[in-house]
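Work through the exercises below with the structure open. Each one gives a task and then a solution in steps.

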Amino acid sequence: MRIARHAALAAALLIQGLIAAPAQAGLAIVLNSGEDTYSLIDTDTYKEIGKKPVGREPHHLMLTPDKRDLLIGNAVGNDLVFVNPATGDVIKRLDQIADPYQLGFTPDRKWFVTAALRLDRVDVYDAKAIGERKLTLVHRIPIKTMPSHLAFAADSRRVFVTLQDAGSAAAIDIVDGKILWQAKVGPDVAGLWLAPKGDKLLIAVMGSDHLAVVDTKDGKVLDKIVTGKGTHQLYEDKGRGLLYVTARVDNTIAAVDTTTFKVTRVYKVGPGPDCMEIFRGGKELWYTARWAKRVEVLDLESGKVIKKIPVGRSPHGIHLHPDAKTASR
Amino acid sequence: MIGDIEAWLFETLVQPAIFELGLMAYIEDAFTWTQFALWGVIQIAVIYLVCRPLEAWRPVEPRADGAAIRTDVIYTLLQRLGVLPLLFFVLFTPLSAWFDGLLRDAGYVPRTIDQWVPALAGMPLVTFLIYALVLDFAEYWRHRLQHGLNWWWALHSLHHDQRQMTLWSDNRNHVLDDVTQAMWMGAVAQLIGVEPGTFPLLVLLFGLVESLSHANARIAFGRFGDRILVSPRFHREHHAIAFRPGEPARACNFAALFPLWDMLFGTARFDGRFAATGVEGRTTPEAIGRGWLMQQWLGFGRFLRALVPARGADRTEGGRQHEGA
Ligand SMILES: [Zn+2]
Ligand SMILES: [Zn+2]
């Protein structure tokens, strides 16, 4: 049984290797928001192999729905940069995208939404032509204050947004460009996650120490999950049915069960943990340690920080691009 | 190394305070400010260690007026530890967002110098030097206007008021002048695409050279050196022009870093004699103002009177510098 699985895996890798030859190391791309660059890290050697200028204040990045391009949002530069996720090379720069602090596509891939933290608005773009690397502005929705993180409903109709300075959350109708509700959640809210059933949101309350469990119907706070002081960002590990939740002040990452909403483990990590991504089949968690100018790698089994990789100033968004070689580990 | 100290300082002092104050929405700005303050401490330490022994070794004049020096120390701390810059940052963030939006709407994407000149990629030192040259050029012209326009001289003469000039005198400026300088330098840096990581280093360079050039030290860099970098003798001659009792003076030596600009535009003088500094007609402590607050207040009054000149008022009121060829 085990042997059969290994053989199948080996065969799959061989085929993949033949197609994608020559095999190349995996690549991590990290946005140094405090110095307008991104760092390229070889995921095999855990070393920074390059640094490129990108534009003013890059904060978040994500793959296009077809996974072909990586999109980097320059918040102060007001533009989007299309990057090849395998090489880190710039493909195109799309101007006149106002303050794309946070980005996201609806699950049906029809809409692209940005949260403009500095300019207090949420913009909706038609993403039909994203294959040609084009976007068309459809709605500009003023909302106060500091919209910072986004989560999309499965119906692709609603987007939930946290309003950092207002300490509230809101639901927006993407198609109509209207605010459905806005409600107080707690001081300085940040990251959020939508439960698969679509009935509840978990919202990080950075000015306090917990995730607020919020009703998606009206924004009412139903419960609290204490995770750590300065609770900031969430990342879902679907394989384990866990959420990893960073706490900026306590410097911890808490694992929260996505069905029971119980904290199952707390990891002690480096200063100012922010964006995260899992790697090597869920063995490692990579995250940016913003106050320490580095990326850290956490071994999720042992709970040890196994690598500290120096990058640029105030590293924020991170994307990991595996390939045949790294996936085989 | 500095990065580690910064992270430690931020984690153990700043962030917990911000958290308790309920200001976590501004935590990233606090991080930027921590860097500024830390650089400021290092800068002041370096300046003191370099300039103070020079002042003790070859003083131009005796340290007679301790109170005047202490006031300049306050100016330096307020500016370099980030108290004033933080204030400007809070006041001008909306303005800079607007300026940035304006550039974007006009289709201007600031490019870094090595994007203009690809050959410069991988030569960070040369790039840094070019940035310093361009910013110094901008500062040269700002400084000439400070002397050329009546209302601006009303403010800038506060800087020239110091008769006991020392390494602490560089930051002795009216806050309105600090504001214009911050906006001017920031805008130029943005136009030529200075990376934010590089900007503090440039500010550091300007601070080091300018503190040295105000030092109470009989020091010049020699025939060639004086033409490459602004020396204490070169800048003291600039401070002498506003204070030449009974002797005509020629406006000169405006550059902060590179005398090159004064040489190009015909305002360089390399024959400085370490003359007395100050502003003509404003020599008593009452006229100059005792302490930071009083000096700011008097400077603001001069500024208003220059903007709205009273009929028949003496144009040279409060000390007018000689404007020569
Ligand atoms: Zn002057
Ligand atoms: Zn001076």
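A residue counts as buried when its relative accessible area is under 20%, and as exposed when that area is over 50%. The model is predicted.

**Exercise 1. State what share of the residues is buried in chain B, and then in chain A.**

Step 1. Chain B has 325 residues, and 48% of them are buried.
Step 2. Chain A has 329 residues, of which 61% count as buried.

**Exercise 2. Describe the secondary structure of each chain.**

Step 1. Chain A contains two helices and 28 strands.
Step 2. Chain B contains 14 helices and zero strands.

**Exercise 3. Decide whether chain A is as compact as a globular protein of its length.**

Step 1. The globule rule gives 20 Å for 329 residues.
Step 2. The radius of gyration of chain A is 19 Å, which is close to that value, so chain A is as compact as a globular protein of that length.
Step 3. For the outline, take the principal axes: the C-alpha atoms of chain A fill a box of roughly 55 × 45 × 40 Å.

**Exercise 4. For each chain, take the contacts between residues at least 6 apart in sequence and give the percentage that joins residues at least 24 apart.**

Step 1. In chain A the figure is 40%.
Step 2. In chain B the figure is 74%.

**Exercise 5. Give the accessible surface of each chain and the part that belongs to carbon and sulfur atoms.**

Step 1. Chain A has about 13,200 Å² of accessible surface, with 55% from carbon and sulfur.
Step 2. Chain B exposes about 15,400 Å², with 70% from carbon and sulfur.

**Exercise 6. Find the largest nonpolar core and trace where its residues come from.**

Step 1. In soluble globular proteins, nonpolar side chains tend to be buried together.
Step 2. The largest nonpolar core has 27 residues, and those with the most contacts inside it include Tyr131(B), Leu135(B) and Phe206(B).
Step 3. In chain B, α6 (124-148), α8 (175-191) and α9 (199-214) each supply at least two residues of this core.
Step 4. The largest share, five residues, comes from α6(B).
Step 5. Beyond four places in sequence, Leu135(B) touches Met185(B), Val188(B), Ala189(B), Leu202(B) and Phe206(B).

**Exercise 7. Is Thr166(B) buried or exposed?**

Step 1. Locate the residue: Thr166(B) is in the loop between α7 (150-160) and α8 of chain B.
Step 2. Its relative accessibility is 0%, so Thr166(B) counts as buried.
Step 3. Leaving aside neighbours within four places in sequence, Thr166(B) is in contact with Glu55(B), Ile69(B), His214(B), Ala215(B) and Asn216(B).

Terms used: Residues numbered from 1 in each chain as written. Chains lettered and ligands numbered in written order. Predicted model: local features only at pLDDT ≥ 70, side-chain atom pairs only at ≥ 80, totals over all residues. Heavy atoms only, no water. Helix = DSSP H or I, 4+ residues; strand = E, 2+ residues; numbered from the N terminus. Rg over C-alpha atoms; globule rule 2.2 N^0.38 Å. Buried < 20%, exposed > 50% of the residue type's maximum accessible area, 1.4 Å probe, protein only. Contact = heavy atoms within 4.5 Å. Areas by Shrake-Rupley, 256 points an atom, 1.4 Å probe, with all protein chains shown as cover. Core = buried A, V, L, I, M, F, W, Y, C linked by side-chain atoms within 4.5 Å.
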